[in-house]
Each structure stands twice: as structure tokens, then as C-alpha cells.
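Open the structure in your viewer and keep the sequence panel beside it. The stops below say what to select next and what is there.

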Amino acid sequence: MNRPERTAIYPGSFDPVTLGHEDIARRGLHLADRVVVAVAARATQVKRPLFSVEERVDMLERVFRDDEDVLVRSFDGLLVDFARSVGARLVLRGLRAVTDFEYELQMAQMNRELYPQLETVFLTPHPEYAFLSASLVREVSALGGDVSTFVSPTVLDRLRDRHG
Ligand code: ADP
């Protein structure tokens, strides 16, 4: 029996994309036929982004160049509207630690109110990336630290361009 193709969205600010994000997006393909990485144009959490939306999308596209079922899009406005526009009924999020939990739960509940057919699914990170966040990568890189084990080479190049 044919079942309809399943699309998941993986939203975030991806400022910049880390190996933790890559891991979650790829493992999302175990749950869906296609994962749309959705870059929030108007970030709610990051106040002043390091990279523009275009730069973040560009890095993501390079990182997922060989993953044909991972697509990259930016979106502005409500996540539920974006989900509808790409026909997605699954939202993927990573849960690193309890500190992520409260915010994630609130957002998932709100999105359920706004679009009851949309399910939020939480994936746990690979232990190697459990402590990793884009903000930590930005901070360490800005201070001249080595982040080569946390981001892809293409992202590393951009960080070096930005921070010298
Ligand atoms: P960050 O929190 O790193 O700034 P985003 O806001 O772009 O990243 O997060 C997008 C999603 O990716 C969130 O669900 C977040 O929990 C998840 N995520 C971020 N880093 C990791 C990681 N190292 N492992 C698993 N999930 C992660």
C-alpha cells in the first residue's frame, strides 16, 4: 500500500549550523521522507545574529549538498504557516538538556494550539554533541578558540573569515 510522502521541518536559527544540527537533520530522515531545514529569518532567541539569513542558508546548503532529501529554506512569520506551506505535519527539535525542556514544551504546546495536526518530535543528540550550541561555537570562535570538531569545514572557513 502506498502511503503519502512524509515531510518534516527542522526549524532553528542555525547561526551557524553545527555538527549537532547536522546529526539531528539526518536522523530526521529515519522518521520522514524529506526534512526541510527551516531557517528563522526573524530569530526569537538570538538577538543579533552573526550571519545573515542568506549566509546561514548558504552554509546549510553546502553542508547538506550530498543529502538529497534534506532541503533548506528560510521562513518569516509563524512556523505553523511555514509547515502548512510545505505540507509538513512533523516538526523536529533537538533536546540537549533539561534547560531546553521548558522552552521547547511551551513552543510545542503553542504550535499544537495553532495547528493541531502538527506533531513535534524531539530527538536526543549524539552524546558527542550533547553540550554543543551555536551560541557556544560563536563565542569560542570569536575568542580565537578552535571549533573544528564542532562544525563542518565550510562553516569553519566562514567563522575564520568573520573572526580572523
Ligand atoms: P542553538 O540552540 O544551537 O543556537 P538553534 O536555535 O538553531 O540552535 O536550534 C535549532 C534546534 O536544534 C533546536 O531544537 C535545538 O535544540 C537543536 N540543537 C541545537 N544544537 C544541538 C545539538 N548539539 N544536538 C542536538 N540538537 C541540537
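**The whole chain**

Start with everything shown. This is a predicted model. In the protein chain, residues 24 or more positions apart account for 79% of the contacts with a separation of 6 or more. The protein chain has six helices and five strands, and along the sequence they come in the pattern β-α-β-α-β-α-β-α-β-α-α.

Turn the model to see its extent. Along the principal axes, the C-alpha atoms of the protein chain fill a box of roughly 50 × 35 × 30 Å. The protein chain has a radius of gyration of 16 Å, which agrees with the value near 15 Å that a compact globule of 164 residues would have.

Now switch on the surface. The accessible surface of the protein chain is about 9600 Å², and carbon and sulfur atoms hold 50% of that area. Of the 164 residues, 43% count as buried. Colour the charges next: the protein chain carries 21 positive and 25 negative ones, and the mean positions of the two sets are 3 Å apart.

**Stop 1: strand E1**

Select residues 7-12, which form strand E1. How many of the six residues of E1 are buried? Six of the six are. In a regular strand, side chains alternate between the two faces of the sheet. On E1, one side carries Thr7, Ile9 and Pro11 and the other Ala8, Tyr10 and Gly12; both faces are covered, as all of these residues are buried.

Add residues 34-40, strand E2. E1 and E2 run parallel and are joined by six bridges. To find one pairing, look at Ala8, which stands opposite Val35 in E2.

**Stop 2: strands E4 and E5**

Add strand E4 (90-94) and strand E5 (119-123). E1 pairs with E4 in the parallel sense over two bridges, and Ile9 has Val91 in E4 as its bridge partner. Four of the five residues of E4 are buried, so E4 is largely enclosed by the rest of the structure.

E4 also pairs with E5, again in the parallel sense, over five bridges. Here Gly94 stands opposite Leu123 in E5.

Stay on Leu123, a residue of strand E5. Its relative accessible area is 12%, so Leu123 is buried. Leaving out residues up to four places away in sequence, Leu123 touches Ile24, Arg27, Gly28, Leu31, Leu92, Arg93, Gly94 and Leu95. Then draw a distance to Glu113: it lies ten residues from Leu123 along the chain, and the two C-alpha atoms are separated by 21 Å.

**Stop 3: the loop after E1**

Go back to E1 and follow the chain into the loop between E1 and helix H1 (19-28). Phe14 is in this loop. The phi angle of Phe14 is near 50°, a positive value in a residue other than glycine. Phe14 counts as buried because its relative accessibility is 2%.

Move along to Pro16, also placed in the loop between E1 and H1. The peptide bond from Asp15 to Pro16 is cis, with omega near 0°.

**Stop 4: helix H1**

Is helix H1 largely enclosed or open? Eight of the ten residues of H1 are buried, so the helix is largely enclosed by the rest of the structure. The buried residues of H1 are Leu19, Gly20, His21, Glu22, Asp23, Ile24, Ala25 and Gly28. Show E1, E2, H2, E4, E5 and H5 around them, as these elements are among the cover of the buried residues of H1.

**Stop 5: Arg56**

Select helix H2 (residues 53-63) and pick out Arg56. With a relative accessibility of 2%, Arg56 counts as buried. Apart from neighbours within four places in sequence, the contacts of Arg56 are Ser13, Phe14, Asp15, Val39, Ala40, Pro49 and Phe51. Two of the residues from the loop stop, Phe14 and Asp15, appear in that list.

**Stop 6: Phe150**

Finish at Phe150, in the loop between helix H5 (134-142) and helix H6 (153-163). Which residues is Phe150 in contact with, leaving aside its neighbours within four places in sequence? They are Thr18, Leu19, Phe131, Leu132 and Val137. Last, select Tyr129: its C-alpha atom is separated from that of Phe150 by 7.8 Å, with their positions 21 residues apart along the chain.

Note on methods:
Residues are numbered from 1 along each chain as its sequence is written. This is a predicted model: local features need pLDDT of at least 70, side-chain atom pairs count only at pLDDT 80 or more; totals for chains, interfaces and linings use all residues. Side-chain values use heavy atoms; hydrogens and water are left out. The radius of gyration is taken over C-alpha atoms; the globule rule is 2.2 Å times the number of residues to the power 0.38. Buried means under 20% relative accessible area, exposed over 50%, partly exposed in between (1.4 Å probe, protein chains only). Contact means heavy atoms within 4.5 Å. Accessible areas come from the Shrake-Rupley method with a 1.4 Å probe; for residues, only the protein chains shown count as cover. Lys and Arg count as positive and Asp and Glu as negative; His and the chain ends are not counted. The place of a charge is taken as NZ of Lys, CZ of Arg, CG of Asp or CD of Glu. Two strands pair if DSSP finds at least two bridges between them.
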